[in-house]
Amino acid sequence: MDRNSIIGIVIIGVILVLYSVFNRPDKAQLMEQKRVQDSIATVKAKEDSLKEVEKAIAAEKETQETDSLLEQEALLSENNDSINNLQLKEKLGVFAHAAQGEQSFITIENNLIKLKISSKGGRVYQAELKEYKDHNGKPVVLINTDTTVFGIEFMIDGRPIFTNDLFFESVENVEFIDANESEETLTMRLKAGENSYLDFVYTLKPDEYILDFDIRFYNMQDIISRNVNYGKLYWAELVKAQEKGRKWELQNTNVYLKMDDDDIEKLSERKSEDEFTSSGKMHWVAFKQQFFSSVLIADELVDDPLITSNTIDDENSEFLKYFTAECTFPIKNEQEQIIPFQFYFGPNKFKTLKQYDIKLEKLIPLGWGIFGWVNRFLIIPLFNWLGTFIGSYGIIILILTIIIKMLLFPLTYKSYMSTAKMKVLKPQIDEIAKKFPKGKEMEKQQATMALYKKAGVNPMGGCLPMLLQFPILIAMFRFFPASIELRQESFLWASDLSAYDAIVSWNANIPLLSNFYGNHISLFTLLMAISMFVSTKMSSSSQASTGQPGMKVMLYMMPVMMLFFFNNYASGLSYYYFLANLFTIIQTWVIRKYFVDEDKVLAKLEENKKKPVKKSNWQKRLEEASRQKSNQQRRR
């Protein structure tokens, strides 16, 4: 740095020092500055305090406004509650208090059924069968929680009251009742006043599927409208699928009811919608599934039943159908009235249903007329007897088939002998046919019948024994699909003899095939069709040719038709028919091999032709009547 620069810096420093000395404020000025600064601080503090006050005032105002709003809302809510209470009072009268409540459940059970009773509606909320599982391994539940509606309707002051929507109280004040050792009772009460009420009284006994259900009116004569002397009972339920095959279960799920004339009515299984109505009296109504039923039984007959059934079309739904049942019952102007009912929640087992002696066994479709008699008095007793000492139902069906075939063997033998006689006479019948040209069919038929008569052959001899076997054939067709004993019983590859036995299955929907055949192949059905074809071929080879090719085609088409028809049916049924066809094949072979010599049969027939033809009493009477008529005409 040069000398001039140093001199400049020194001069600037001296100037700054002199300026600070001469411009320094005196004591008065310093006091004034302090006073101004203190005033500014005070004003700022006041401003901050004012803001705090303003915030406090705003907060207080907001609180007051909130409190006011809450008071207004509370007042409005109180007014709404008052309005609601007035509306409920207007709608429900003395039962207005029961319109609201918290749903709770009481369980009552024995060793067979477990029932949940709901405080809402005082009704059976769930009915579980403890000894059975559905096809998924879950408990069988008949009354299915919120999918069921049940209650009674009666009038008070011209207004209808429906109990399904009201809250009952348990008189016993318990959560669980065990009826395994002794009869137990649960009372659900709907109060109408201090000493007026409606009770639903449930009584369960040990080892019973029956639940006693009494409707009890007490001191209600001045509350219930006197100009309406009846009440309505309403029951609706979505029926849940329990079995393996939905299509087959749908065909066996229906509503049955018994009228006072002992007639059993039922709705159509195949219609998507159906209805039954009557002005008569009803004894019981049953929401029936393939193997289980929920039945409401009226000890005192109820009036004017109205029953409906609607099919659930969605194949993926867990429900099959929607059933409703409605009826009326008398309400008397008395201090106490008890209307007794019963519920049956249980299996469709013939022996179990038969013991109640009210025709509940009619829920099992064993067939009408002679077919039902065969099942009731032959097949079921024999089947149950075999079941007492044989554990495998596949073996039971085998032994049952052998017994039936042995019983029918005389008829089978007679039918085969008649067929053999017709066969050995076939050449002679062909010779007769050659003698009569076309247009002489009547003369040819008369000559043929004359030959049969001389030889002692009944052309219907082969048909009559088969017709006598027909009732057993149809009886078995009814018995196996309805037999709960076969349910979930396995044999060989079949996991459930009451359902189809699929050895191959697929999910793809194949047009026509999936609709008419199904998405699986049942092996027992396949074996049945093959055995039927072989049996038909053996029978046709031992018969005289009828000269009608269409008849043979029809006979051979039957196994194919059965293949489609039985593919979705119970495998136990297909297994029985397979065994029956197999034994028929064996019987035919044995009879042909050891019991029938066609040469001897022909020699016997030729010997018969040499004998004078004996006229039956009927023929003698017919000829005598014809002779007398001719004599009368000659006299005229």
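Reader: Which helix gives the most to the nonpolar patch?

Author: In this predicted model, a nonpolar surface patch of about 470 Å² is formed by F516, M557, V560, M561 and F564. One element, spanning residues 549–565, supplies four residues to the patch, the most of any. That element is helix α12.

Reader: Is V560 buried, partly exposed or exposed?

Author: V560 sits in helix α12 and is one of the residues that make the nonpolar patch. Its relative accessible area is 40%. Buried requires under 20% and exposed over 50%, with the remaining class in between, so V560 is partly exposed.

Reader: What is the relative accessible area of D274, and is D274 buried or exposed?

Author: D274 lies in strand β15, residues 273–277. Beyond its neighbours within four places in sequence, D274 has contacts with L267, S268, I307, T308 and S309. The cut-off for buried is under 20%, so D274 counts as buried, at 19%.

Reader: Which backbone nitrogen does the side chain of D274 reach?

Author: S268 is among the residues in contact with D274. The distance from the D274 side chain to the backbone nitrogen in question is 2.8 Å. That nitrogen belongs to S268.

Reader: With which side chain does the side chain of S498 make a polar contact?

Author: S498 is in the loop between α9 (463–482) and β20 (502–505). S498 is buried, with a relative accessible area of 3%. Not counting residues up to four places away in sequence, S498 touches Q290, F291, L486, R487, Q488 and A570. The polar contact, at 2.7 Å, is with the side chain of D496.

Terms used
Residues are numbered from 1 along each chain as its sequence is written. This is a predicted model: local features need pLDDT of at least 70, side-chain atom pairs count only at pLDDT 80 or more; totals for chains, interfaces and linings use all residues. Side-chain values use heavy atoms; hydrogens and water are left out. Patches are made of residues with over 30% relative accessible area and no salt bridge: like charges are joined within 9 Å, nonpolar side chains (Val, Leu, Ile, Met, Phe, Trp, Tyr) within 5 Å. Accessible areas come from the Shrake-Rupley method with a 1.4 Å probe; for residues, only the protein chains shown count as cover. A salt bridge is a side-chain nitrogen of Lys or Arg within 4 Å of a carboxyl oxygen of Asp or Glu. Helices (H or I, at least four residues) and strands (E, at least two) are DSSP runs, numbered from the N terminus. Buried means under 20% relative accessible area, exposed over 50%, partly exposed in between (1.4 Å probe, protein chains only). Contact means heavy atoms within 4.5 Å. A polar contact is a pair of N or O atoms within 3.5 Å; within protein, one must be able to donate a hydrogen and the other to accept it, and residues adjacent in sequence count only if both atoms are side-chain atoms.
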